[in-house]
Protein chains: 2
Amino acid sequence: VLAEFERIGEIRRRLSYESAEVVLGIGDDAAILAPTECGQVCSVDTQVEGVHFRLDRSAPPDIGERALVVALSDLAAMGATPRAALVSLIVPTSLDETILFGIVDGIARTQHTYACPVVGGNLARGGELSITTTVLGAAPTAPLTRGGARPGDGLFVTGELGSAACGLALLLGNRANVNHPFVQRWQHPVARIAEGRRLAGVSSAAIDISDGLLQDLGHIAQASGVGFELTLTTLPLHPDLLQTAPSLGLQAHVLALTGGEDYELAFTVPVGREPPLGTRIGTVTSGPQIRVLDPNGHEVDFANTGFDHFE
Amino acid sequence: VLAEFERIGEIRRRLSYESAEVVLGIGDDAAILAPTECGQVCSVDTQVEGVHFRLDRSAPPDIGERALVVALSDLAAMGATPRAALVSLIVPTSLDETILFGIVDGIARTQHTYACPVVGGNLARGGELSITTTVLGAAPTAPLTRGGARPGDGLFVTGELGSAACGLALLLGNRANVNHPFVQRWQHPVARIAEGRRLAGVSSAAIDISDGLLQDLGHIAQASGVGFELTLTTLPLHPDLLQTAPSLGLQAHVLALTGGEDYELAFTVPVGREPPLGTRIGTVTSGPQIRVLDPNGHEVDFANTGFDHFE
């Protein structure tokens, strides 16, 4: 077991990343990023063992990767470009060092994927493993917010919905190993950075889907003072989800609407404009209700609007 | 007990802060700060219950205050000006809501003290209370780093040393109540923001003293490739420390050199220059040793170079 300062040195070595954006990286009292003419976007996310991940279900590098991606997803939802990250770890003294370094390795590989160098962090002792990731980005000229949706706007999503939540259910229920495509979908979410950047200036409002589509649309509804009407049949589902979900006692469209964990973007586009990407799934209404219509135009009732997977 | 979204709404209300620097504050996927021509300074610090603070020793608002100040101290050590903060809380479900809101109130009052609005954060469930604070600042033209000290430079510190560590020892030993001046000194550290800004462009290297003067000087020594020679008699001590420390079985100068918790700045100044503030306590040498000399010019030996108060 390494002493504290050696441990920090080892973490620093594994996170080494040369970047012209970074004036001063890990190793001083604070880091310094090069000046930019852009607004500065910032967000923070925390992943706690037993709440957001489990060491007996996920490999340490995958846990580290996911912690950074989930934080970056918030930058995607603003249309921002990642610039740097800070990582604060709370680590029990009993934690095996290979787990700690494995998590760091996952963060290290992900910073390269997203060109988002980790420029600083903190290592604290505690009783419970957690990873708090701060991400800093450059704002686009017209940042995406939750507040700009207007009645009549089209509602769109990137990618597919429900597969990640299904994968998590499979994983926690010991119904599939980590190689199952849906488990992979949960374990390796993608922050939709490129998509968010293309939507800036086009989309009237956006959010990333972490808690479940309906719940996250609720945030746009509240911030914009609108509602939504969704058509069940237009939800983008993976074909296999229609078989796999029932085998778990779940319904595919319920997973898609309330499962969360997708980290896709939900976004609205003003009337008459076509977005460069995404699947149309509904329309913004004067609200405040969020209604889902079946093929016969009847409203579908959902008691659940997001559920807690780990408890 | 409030539901999750009501709780977040209440926290958001208590942290409300109008600032021209903030384009978009709490409540979206991420916050946006106004563009600036300055380099962007960032740092993160985590305080864990039982490791960095105790609920049975400190009032919740004081815990919140201290979490933000300790993070801001790293900006001071760079000569940076605070712009915004992000606060990520891990909160046990069993935690009394008045404690959570008390911590938030302490953060709220401190953001005003330092003109450093909290623009975002995260609330996660977990088994152990912790506060992770990210601070963002504007870099001065010549940021202070740990790497610029040269042999012959003078070594200086702001304020007094040892009182905060003595206060913590009094508090943990139940030897004084929270009104004792040294306990207050521990509970209410000051981030030396104004001092750091005045030292930028003057000082060749700087660090804030969190772990103890000798240990923190070790970081400058390593980053600059130098050593230090300190004179014991020039250490700035509170007069009462000479009486109070022995009553705890401690020596005043040991507290000053190894106690930590001061959050003063230690900084070096090139030969021939006079800093606008601070007390001279020594000289930079070619190193690598850090030596402390008594009034007779003999080296004082310190086995301890920083100790852990809570265990």
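**Close-up 1. Packing of helices α1 and α3 within chain B.** Angles under 35 degrees between helix directions count as roughly parallel. In this predicted model, helix α1 (residues 4-14) of chain B packs against helix α3 (residues 97-113) of chain B at an angle of about 30°, and their axes lie 9 Å apart; α1(B) and α3(B) are therefore roughly parallel to each other. The crossing in which α1(B) passes α3(B) is right-handed.

**Close-up 2. Residues where α1(B) and α3(B) meet.** From α1(B), the residues B:Arg7, B:Glu10, B:Ile11 and B:Arg14 meet B:Glu97, B:Leu100, B:Phe101, B:Val104, B:Asp105 and B:Ala108 of α3(B). Sorted by class, this contact of α1(B) with α3(B) comprises five nonpolar and five charged residues, with no polar ones.

**Close-up 3. The open sheet with strands from chains A and B.** Six strands, in the order β5(A)-β4(A)-β6(A)-β3(A)-β2(B)-β1(B), form an open sheet with mixed pairing. The edges are occupied by β5 (118-125) of chain A and β1 (22-24) of chain B, each of which has a single partner strand, so one side of each is left without a neighbour in the sheet. From one strand to the next, the twist averages 25°.

**Close-up 4. The pairing of β1(B) with β2(B).** Strand β1(B) pairs with strand β2 (residues 31-33) of chain B in the antiparallel sense, over two bridges. Within this pair, B:Val22 stands opposite B:Leu33 in β2(B).

**Close-up 5. A chain A helix on the sheet.** Helix α3 (residues 97-113) of chain A packs on the sheet, where this helix touches β4 (81-91), β5 and β6 (130-138) of chain A, and its direction makes about 175° with that of β4(A).

How values were computed: Residues are numbered from 1 along each chain as its sequence is written. Chains are lettered from A and ligands numbered from 1 in the order in which they are written. This is a predicted model: local features need pLDDT of at least 70, side-chain atom pairs count only at pLDDT 80 or more; totals for chains, interfaces and linings use all residues. Side-chain values use heavy atoms; hydrogens and water are left out. Axes are lines fitted to C-alpha atoms, for helices over the stretch in contact, and angles run from 0 to 180 degrees between N-to-C directions. Helices (H or I, at least four residues) and strands (E, at least two) are DSSP runs, numbered from the N terminus. Angles under 35 degrees count as roughly parallel, over 145 as roughly antiparallel, 65 to 115 as roughly perpendicular and the rest as oblique. A crossing is left-handed if the near helix is turned anticlockwise from the far one by less than a right angle, and right-handed if clockwise. Contact means heavy atoms within 4.5 Å. Ala, Val, Leu, Ile, Met, Phe, Trp, Tyr, Cys and Pro count as nonpolar, Asp, Glu, Lys and Arg as charged, and the others, Gly among them, as polar. Two strands pair if DSSP finds at least two bridges between them.
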